[in-house]
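Visitor: I've got this one open on my screen and would like a quick walk around it. Can we take it question by question?

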Amino acid sequence: MSTQSPLSGRVAVITGASAGIGQAVALDLASKGAAIVLNARRAERIDELAQRITDQYGTVDGKPRVICVPGDASDDSTIDAMLQASQDHFGITSDLIVANAGRGLDGSVMTSDTEQWESMLKTNILGVARLIRKAGMQLLELQANREWTKHPTDIVILGSTVGRHISPFSSMYGCTKFAVNSLAEAARRELGPSGIRVSLIEPAIVKSEFQEMAGYDPNAFDKVMAKFAPVLAPEDIARSISFIVTQPASVHVCDVVIRPTRQDYP
Ligand SMILES: NC(=O)c1ccc[n+]([C@@H]2O[C@H](COP(=O)([O-])OP(=O)(O)OC[C@H]3O[C@@H](n4cnc5c(N)ncnc54)[C@H](OP(=O)(O)O)[C@@H]3O)[C@@H](O)[C@H]2O)c1
């Protein structure tokens, strides 16, 4: 692999890359030289993104820069396939994991649609925990056999400001991000001593497909967005993630809260 770009020689595994923040992160990390394993359930979307990245940023050692692993990111089989794809296609263990796949849900514990609770908890909590566990095991083995100070190694997790402050309009979703907040800190304490950085990114309002998927009333949400405008774009989050993962291995920017400047709460 070329050694000129800050992330050359690293493979990023990104879950939920067919839209929004995941897609922007994939483009940004590829622009800095990373090879990429893309995941989401909509296979045609990630295939298109893979083509776009390869057209824009070229191949890696003559091989396509991107490999796609469609599927549910909270299933063990998809996680195994994503991690294995890095080994099979690029010949190395991925040392840049972005646990991004997630979804929102309108309403509180009293008002949200209970039919959607299990699926949200599976994606937002269990999926992240399983990915940390499986990637973490591989990374511990990797770090045991290399000089960690020479190899920045990252697990980056998408939390939310509503995982730190109670959301006035989506507190059931918020409780999954409180869980992710504690998972990230727990994993940081466990993996950090082996030179593995576990970073939590907590965005406030980012305009993406998230709002529609969560079932927010578009008129009510437009008013919230107008109040805080301009709200964040997925690229604003991608820039911060690139900043974190391009730090020297001995420097860990572990928690980043990113808000539109005019958003006072949550
Ligand atoms: N937008 C915000 O305001 C905001 C704020 C704070 C935090 N976040 C967090 O940031 C992350 C990304 O959100 P976003 O704004 O980019 O939302 P988005 O535009 O709706 O994108 C979500 C992505 O996750 C994927 N996804 C959802 N469930 C999945 C599953 N079970 N397996 C695999 N992929 C799955 C979706 O693709 P498929 O449907 O193709 O699978 C899509 O690519 C989420 O964790 C979200 O909670 C968002």
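What follows is a short chat about this predicted model.

Visitor: Let's start with the overall build: what radius of gyration does the chain have?
Guide: A compact globule of 266 residues would come out near 18 Å, so that is the figure to hold the chain against. The C-alpha atoms fill a box of roughly 50 × 40 × 35 Å along the principal axes. The chain agrees with the globule figure, because its radius of gyration is 18 Å.

Visitor: How many helices and strands are there in the chain, and what percentage of its residues is buried?
Guide: The chain holds eight helices and seven strands. Among contacts with a separation of 6 or more, those between residues 24 or more positions apart account for 73%. As for burial, the share of the 266 residues is 42%.

Visitor: On to the ligand: which helix gives the largest share of the shell around it?
Guide: Two helices, α1 (20–31) and α6 (210–214), each put at least two residues into that shell. The largest share is three residues, and the helix supplying them is α1.

Visitor: Which residues come nearest to the ligand, and how does the shell divide by residue type?
Guide: There are 31 residues around the ligand, and the nearest are G16, G20, R41, R42 and G102. By type, the shell divides into 13 nonpolar, twelve polar and six charged.

Visitor: Which residues of β1 point the same way as each other?
Guide: In a regular strand, side chains alternate between the two faces of the sheet. Strand β1 covers residues 11–14, and all of them are buried. One way point V11 and V13, and the other way A12 and I14.

Visitor: What is the handedness of the crossover from β1 to β2?
Guide: β1 and β2 (residues 35–38) run parallel and are joined by four bridges. One of the pairings matches I14 with L38 in β2. Between these strands the chain passes through α1, and this β-α-β crossover is right-handed.

Visitor: β1 also pairs with β4, so which residue of β4 stands opposite A12?
Guide: β4 spans residues 96–99 and pairs with β1 in the parallel sense, over three bridges. Opposite A12 in β4 you'll find L96.

Visitor: Is S112 buried or exposed?
Guide: S112 sits in the loop between β4 and α4 (117–144). Beyond its neighbours within four places in sequence, S112 is in contact with L105, D106, G107 and M172. A residue counts as buried once 20 or more other C-beta atoms lie within 10 Å. S112 has 20 such atoms, so it is buried.

Visitor: How far is S112 from A35?
Guide: Along the chain, the two residues are 77 residues apart. In space, the C-alpha atoms of S112 and A35 are separated by 39 Å.

Visitor: Which peptide bonds are cis?
Guide: One leads into P230, in the loop between α7 (218–228) and α8 (234–245), and has omega near -5°. Another leads into P266, in the segment after β7 (255–258), with omega near 0°. These cis bonds run from A229 to P230 and from Y265 to P266.

Visitor: And what about D61: buried or exposed?
Guide: D61 lies in the loop between α2 (43–57) and β3 (66–68). D61 has a positive phi of about 50°, although it is not a glycine. With 10 other C-beta atoms within 10 Å, against a cut-off of 12 or fewer, D61 is exposed.

Methods
Residues numbered from 1 in each chain as written. Predicted model: local features only at pLDDT ≥ 70, side-chain atom pairs only at ≥ 80, totals over all residues. Near = placed C-beta within 6 Å. Nonpolar A, V, L, I, M, F, W, Y, C, P; charged D, E, K, R; others polar. Rg over C-alpha atoms; globule rule 2.2 N^0.38 Å. Contact = placed C-beta atoms within 7 Å. Pairing = 2+ DSSP bridges. Right-handed = clockwise from strand over helix to strand, strands pointing away.
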